[in-house]
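Student: Hey, got a minute to go through this one with me? I'd like to start with the pockets.
Tutor: Sure, put it up and ask away.
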Amino acid sequence: MIETAVLWLLKVLAAPSVGLTSVFLIAFVSATLVPLGSEPAVFAVVKANPAMFWPAILVATVGNTLGGVLNYGIGYRAKIAFAKERQSRWFGWLRRFGAKTMLLSWVPGVGDPLCTLAGWLHLPFWPSVMYMAIGKFARYLTMTAVLLYVPDGFWKRIGDLITQITG
């Protein structure tokens with residue numbers, strides 16, 4: 001059921017008429033604890049229209065940062081909901097380095113829980129958001145720029161391979 005819902009969402013967001021809106025929504029959802037990558041959406045928009053490089057990067061950064069803020073809020077409320085705070089290496093590390101740890105919010109598989117733990121620990125909100133945005137902006141800028149420098153023939157071969165596999 002979840003797979004069907006995700007496939008439907010991806011089909012709707014792939015519509016060319018939504019462009020930056022789809023980049024924003026995919027970036028937002030991928031920043032939550034839902035496993036979804038947003039870099040392909042950013043790359044697709046930029047590849048289709050190179051003039052959209054900076055708008056796509058900025059829209060993805062805002063969407064992904066707001067998703068991180070949602071995770072922060074979930075963590076913030078979770079601490080209120082649970083009386084006992086669990087002690088672990090992650091909590092000590094976050095306490096030690098504070099909001100600057102949000103620079104790592106872009107790391108796949110680690111960044112989203114970090115944002116949640118930052119809220120749990122009640123790290124300062126605005127510095128956390130600022131560091132989240134910096135990290136996420138750097139990720140989108142780097143990933144999109146690198147992907148644009150890969151020759152078109154490579155992407156065509158990948159597309160042909162996917163078409164063959166999916167039939």
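Student: How much space lies in the largest pocket?
Tutor: About 250 Å³. Keep in mind that this is a predicted model.

Student: And which residues lie nearest the centre of that pocket?
Tutor: S30, L36, P108, G109 and D112 do. They belong to a lining of 21 residues.

Student: Which elements give two or more residues to the lining?
Tutor: Those are α2 (19-31), α6 (111-120) and α7 (125-148). The largest share comes from α6, with 3 residues.

Student: What about chemistry: how many of the lining residues are nonpolar, polar or charged?
Tutor: The lining divides into 9 nonpolar, 8 polar and 4 charged residues.

Student: Back to α6 then. Is it mostly covered or uncovered?
Tutor: Mostly covered, as 9 of its 10 residues are buried. Among them are D112, L114, C115 and W120.

Student: What follows α6?
Tutor: H122 comes after α6, and its phi is positive, near 55 degrees.

Student: Changing topic: where is G67 found?
Tutor: In helix α4, which covers residues 53-81.

Student: Why does G67 count as buried?
Tutor: Because its relative accessibility is 0%, and the cut-off for buried is under 20%.

Student: What does G67 touch, leaving out residues up to four places away in sequence?
Tutor: F28, A31 and T32. If you also want a distance to D112, the C-alpha atoms of G67 and D112 are 8.6 Å apart, with the two positions 45 residues apart along the chain.

Student: Is N64 buried or exposed?
Tutor: N64 is buried, since its relative accessible area is 1%. N64 has its place in helix α4 too.

Student: And which residues does N64 touch, with the sequence neighbours up to four places away left out?
Tutor: The list is A27, F28, S30, A31, S38, K136, R139 and Y140. F28 and A31 are also touched by G67.

Student: Zooming out, how many helices and strands does the protein have?
Tutor: It has 8 helices and 0 strands.

Student: What share of the residues counts as buried overall?
Tutor: 34% of the 167 residues. As for what the protein exposes, that is about 10200 Å², with carbon and sulfur atoms supplying 72% of it.

Student: Last one: among contacts with a separation of 6 or more, what do residues 24 or more positions apart account for?
Tutor: They account for 74% of those contacts.

Note on methods:
Residues numbered from 1 in each chain as written. Predicted model: local features only at pLDDT ≥ 70, side-chain atom pairs only at ≥ 80, totals over all residues. Heavy atoms only, no water. Helix = DSSP H or I, 4+ residues; strand = E, 2+ residues; numbered from the N terminus. Buried < 20%, exposed > 50% of the residue type's maximum accessible area, 1.4 Å probe, protein only. Contact = heavy atoms within 4.5 Å. 1 Å grid on protein atoms, 1.4 Å probe; cavity = no way out; pocket = protein on both sides within 12 Å on 5 of 7 lines; lining within 4 Å. Points joined across faces, edges and corners; volume = space filled by probe spheres on them. Nonpolar A, V, L, I, M, F, W, Y, C, P; charged D, E, K, R; others polar. Areas by Shrake-Rupley, 256 points an atom, 1.4 Å probe, with all protein chains shown as cover.
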